[in-house]
Amino acid sequence: MSSISSSLEANEAYLREQFNNSSDVVIRSLILKDETIILLIYLDGMAKLQSVEDNILKPLIFSGLPKGIDPIQSLSEMFKREWVPLTNIKTGKSLEDLVHQILQGSLVILANGEASAIIAQVQDYEKRSIQEPQKESTLRGSKEGFVENIRTNTSMIRRRIIHPLLKMESFKIGKYTQTEVVLAYMQGHADENVLSEVKNKLNMIDADGIIDSAYIEEWIENNSFSIFSQIQNTERPDIVTSCLLEGKIVLLTNGTPFALILPFTFWDGLQSADDYFERFIFTILTRTIRYIMSFISFALPAIYVALTTFHPEMVPRYLMFSIAAARETTPFPTFIEIFLMLVVFDGLQEAGVHLPNRLGPVMSIIGALVIGQAAVEAGIISTPIIIVVSLTGVAGYSIARYSAFFPFRIIRYLMLFITGFLGFYGFALGIIYLLIHLVSLESFGTPYLSPVAPFDGKRIKDLIIRYPFWIKKGQNKKEN
Amino acid sequence: MNRHAMLTCITLIILLSSTGCADIIEPNQLAFVIGSAIDHDENGIEVSHQIVIPSKISGNVKGGSSSDSENFVVISATGKDIFEANMKIQRRMSRRLMENHRMLIAISEEYFEKHDISKLFDKLNRDPANNLSNISIMIKGGRAKDFLMNDHPLEHLSTIAAQKEMDFNGMKNFSSRQLVIDYLSEGSRPLVPVFNIKESKVNNKETKQIAFLFGFAILDKNLKVKGIMDDVEGSEVAWMAGKETFQGVTIPWKDGNGTLSFKFTQLKRQIYSNKGDDKNRIILSVKAQAYLIENTTSLDMFEVDNIIEVQKYLNEQIQKELQETVDKVQEWGPDVFGIGEHFHRKYPYWWKSKKGNWEENFKEIDVKVKPNIRIRSFGTGGERLK
């Protein structure tokens with residue numbers, strides 16, 4: 001750490017050396033009428049200069065030292081008292097600090113003969129306005145989504161929880177990116193042990209850069225080799241708010257609209273924000289359907305293969321005849337057929353994600369017509385397979401949290417393979433292995449399958465039935 | 001973590017290679033047997049399988065043409081027992097026989113006479129492919145194979161037609177399982193539905209050989225036919241045996257002027273021993289709810305007196321009819337009502353001395369039918385047409 005010297009030339013030389021070959025750094029020196037030289041340094045495009053011009057430059061140039069409550073006698077007094085007519089003002093002591101502040105968009109004012117510098121935090125840059133979240137849209141509820149700017153995001157949470165117990169601790173992570181990460185929690189609600197574990201892990205991150213919250217997620221999660229994510233991500237401030245109130249911990253990362261929520265359990269992944277916005281009786285229906293669908297999304301291809309090729313006696317008579325009739329002329333074994341169609345389906349999906357918007361319709365024509373219809377008409381793929389694969393695909397999207405669906409996509413293949421070899425015996429093995437894995441997994445001290453395993457009778461009811469909020473609180477509405 | 005992954009891989013490889021995928025059989029390598037027929041043959045037994053051609057049955061699928069060719073094949077072979085005959089059939093087939101989807105086993109009357117049926121059920125009981133939920137019927141007169149060969153004007157297959165015919169007429173308790181249960185329990189005797197094949201004109205152009213329900217065969221302890229009831233008597237017997245199949249009745253009114261028709265629901269039956277020491281006296285109580293469906297008499301059913309009278313008369317008539325049927329069955333001997341089972345439970349020691357020759361002892365029992373039929377509805381919305 002080198003402190004600021006009282007010689008302006010030395011300071012200027014240091015800064016010019018730090019910022020050589022940087023076209024966006026502006027270093028402006030001006031001489032006041034009492035021969036004092038002041039130096040303004042800032043990053044072009046990162047600072048809002050209007051207020052600086054109005055409040056600092058104009059008075060200094062045209063009317064000398066500012067005269068506030070009390071006329072200031074010298075420039076040094078102005079530096080000492082931080083008497084600059086701007087709200088967010090700091091005094092810098094070391095040159096490294098100055099460099100850092102300039103890089104963040106602050107304006108630094110140096111004067112000759114002064115061993116300190118005024119740092120005016122006048123950052124202002126172009127940012128995206130608040131929009132409706134694309135990935136997690138709900139029918140009812142807030143239309144706000146997080147944006148890339150972390151201060152906008154924290155303000156969205158602050159606006160929702162107006163209470164001093166909401167704490168937001170800031171961390172700077174990434175050697176070069178110095179990304180700001182905010183750890184938000186409700187003091188007293190959040191588990192202290194989890195909190196200190198998260199803080200430790202955040203401090204131990206040794207990364208060059210944090211581009212997205214996904215980087216943080218991978219650094220701090222308990223088991224990176226599991227296919228199940230142990231941290232939830234969301235771009236909805238209302239979800240973050242309700243999680244905070246439940247005592248969960250939220251990590252906001254600058255530069256991404258995705259906040260991280262932990263701990264996260266398997267069942268959280270199957271819930272949707274809409275569950276809490278619609279009438280609770282309706283929620284029972286939608287949740288039940290969602291559970292059935294999520295089972296279908298990984299099990300149906302495997303069950304189909306097991307039933308038709310290993311245990312045809314288990315299929316009802318007429319259904320079996322229909323399946324057999326459809327299978328009559330197709331060249332591939334059922335297992336290969338399903339596998340091919342699943343690959344095609346996932347391929348289409350992957351292509352759809354990367355496709356330029358204009359090409360979307362072309363893609364759907366190729367996908368639906370050519371691959372689906374033509375394959376059946378040519379007798380290469382049997383019709384039930386198309387039904388099974390598309391039902392599986394659709395079922396997957398009924399899982400509300402998009403990233404909670406990824407593990408199901410992987411299990412789908414694993415189950416298909418093991419069932420293709422062993423029939424229902426293999427299916428049972430697969431399920432057992434899956435359950436063993438899920439039971440042994442945990443997310444920041446919370447077992448991944450809780451409240452089912454370990455069993456918690458009180459909380460398990462909320463998995464299927466969302467009781468009205470006043471019952472949840474344990475009070476009777478009429479009495480209070 | 002690495003070790004874990006390695007272990008998983010090794011386990012999987014061993015598992016997969018040790019069991020292999022030899023069990024895989026595609027649906028187009030299977031021949032679905034939907035009905036089987038068993039006939040007498042000099043060598044022992046002739047087994048016929050009715051095998052579905054799936055592409056002909058589900059019409060919409062590509063390749064399934066609506067040509068005149070049949071949507072099934074019947075393949076038969078003879079042998080000393082079912083297994084041998086089955087092996088012979090399998091050798092002639094390009095596909096593996098799949099017997100799990102069988103609906104029905106038809107056994108010819110001739111086979112019932114000349115063979116011990118209980119031995120037939122030995123193979124059916126052992127074979128896991130046979131879930132015993134199929135129905136067993138007897139074909140009167142002709143050969144059971146012919147029953148399979150016939151096609152049906154409405155249904156795809158004659159077996160499906162027979163099964164549905166029984167299903168829609170409320171006869172649901174005639175599965176092979178029920179037959180085996182009745183056979184194994186000492187205090188009751190099985191009832192087997194009987195079909196016979198008749199020429200029947202289906203439209204102006206053609207007549208077809210169609211099998212219809214003829215009645216019920218009453219079997220004794222050794223599964224020999226003791227007598228065949230027609231379908232009305234048969235369903236009365238089934239009602240009194242607790243199989244809930246009776247559908248309705250038409251009775252002429254007292255003055256011989258017009259008839260009353262009733263439909264019955266909620267059929268129940270119970271067996272009581274008469275109070276007192278005489279164990280041979282049994283009361284067979286049957287219960288039902290009746291709905292008046294047709295009334296061609298001059299009775300005005302808005303009169304309460306008439307209602308009471310009709311109900312009383314209905315009970316009397318039913319009592320008379322059922323009593324006749326019971327007497328007929330008792331003459332033949334086999335206890336299809338399960339009265340023996342009642343004794344077995346109520347007087348186990350007494351039953352032990354009787355069960356040895358229950359066929360004869362049953363004839364001595366004095367069975368009184370006591371109907372309790374309540375008229376629930378008259379089905380009239382207003383004044384009757386004059």
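Biologist: How far apart do the C-alpha centres of domain 2 of chain A and domain 3 of chain A lie?

Modeller: This is a predicted model, and in it chain A is divided into domain 1 (8-120), domain 2 (150-264) and domain 3 (276-462). For domain 2 of chain A and domain 3 of chain A, the separation between the C-alpha centres is 32 Å.

Biologist: Which element gives the most to the side of domain 2 of chain A that touches domain 3 of chain A?

Modeller: The contact draws 16 residues from domain 2 of chain A and 11 residues from domain 3 of chain A. On the domain 2 side, α6 (192-203) and β8 (232-234) of chain A each supply at least two residues, and that side as a whole divides into 7 nonpolar, 8 polar and 1 charged. The element that gives the most, with 3 residues, is α6(A).

Biologist: In the open sheet with the order β1-β2-β4-β5-β3 (chain A), which are the edge strands?

Modeller: This sheet has 5 strands with antiparallel pairing, and the twist from one strand to the next averages 20°. Within the sheet, β2 (residues 37-43) and β4 (residues 107-111) of chain A pair over 4 bridges, with A:I41 standing opposite A:V108 in β4(A). The strands that pair on one side only, and thus form the edges, are β1 (25-31) and β3 (89-92) of chain A.

Biologist: At about what angle does helix α1 of chain A run to β2(A)?

Modeller: Two helices can be described against this sheet, and one of them, α4 (residues 95-103) of chain A, touches β2, β3, β4 and β5 (117-120) of chain A, with a direction that makes about 50° with that of β2(A). Helix α1 (residues 8-18) of chain A lies across β1, β2 and β4 of chain A. The angle between helix α1 of chain A and β2(A) is about 15°.

Biologist: Is A:T91 buried, partly exposed or exposed?

Modeller: A:T91 has its place in strand β3 of chain A, and its C-alpha atom is separated by 5.8 Å from that of A:I119, although the two residues are 28 residues apart along the chain. A residue is buried if 20 or more other C-beta atoms lie within 10 Å of its own, and exposed if 12 or fewer do. Because A:T91 has 14 C-beta neighbours inside 10 Å, it counts as partly exposed.

Biologist: In β7(A), which residue is the bridge partner of A:F171?

Modeller: The strands concerned belong to an open sheet of 5 strands with antiparallel pairing and the order β6-β7-β9-β10-β8 (chain A), where β6 (166-173) and β8 of chain A are the edge strands. In this sheet, β6(A) pairs with β7 (residues 179-186) of chain A over 8 bridges. The bridge partner of A:F171 is A:V181.

Biologist: Which helix of chain A packs on that sheet and touches β6, β7, β8, β9 and β10 of chain A?

Modeller: Neighbouring strands of the sheet are turned by 25° against each other on average, direction ignored. The helix packed on the sheet has a direction that makes about 50° with that of β7(A). It spans residues 237-245 of chain A and is helix α8.

Biologist: Which residues touch the most other members of the largest nonpolar core?

Modeller: The largest nonpolar core has 92 residues. One of the residues asked for, B:F32, is in contact with residues of both chains when its neighbours within four places in sequence are left aside, including A:M320, A:F321 and A:A324 as well as B:I51 and B:H101. The residues that touch the most other members are B:F32, B:A106 and B:I137.

Notes:
Residues are numbered from 1 along each chain as its sequence is written. Chains are lettered from A and ligands numbered from 1 in the order in which they are written. This is a predicted model: local features need pLDDT of at least 70, side-chain atom pairs count only at pLDDT 80 or more; totals for chains, interfaces and linings use all residues. A nonpolar core is a set of buried Ala, Val, Leu, Ile, Met, Phe, Trp, Tyr and Cys residues joined through C-beta atoms within 7 Å. Two residues are in contact if their C-beta atoms, placed from the backbone, lie within 7 Å. Domain bounds come from an automatic or database domain assignment. Ala, Val, Leu, Ile, Met, Phe, Trp, Tyr, Cys and Pro count as nonpolar, Asp, Glu, Lys and Arg as charged, and the others, Gly among them, as polar. Two strands pair if DSSP finds at least two bridges between them. Axes are lines fitted to C-alpha atoms, for helices over the stretch in contact, and angles run from 0 to 180 degrees between N-to-C directions.
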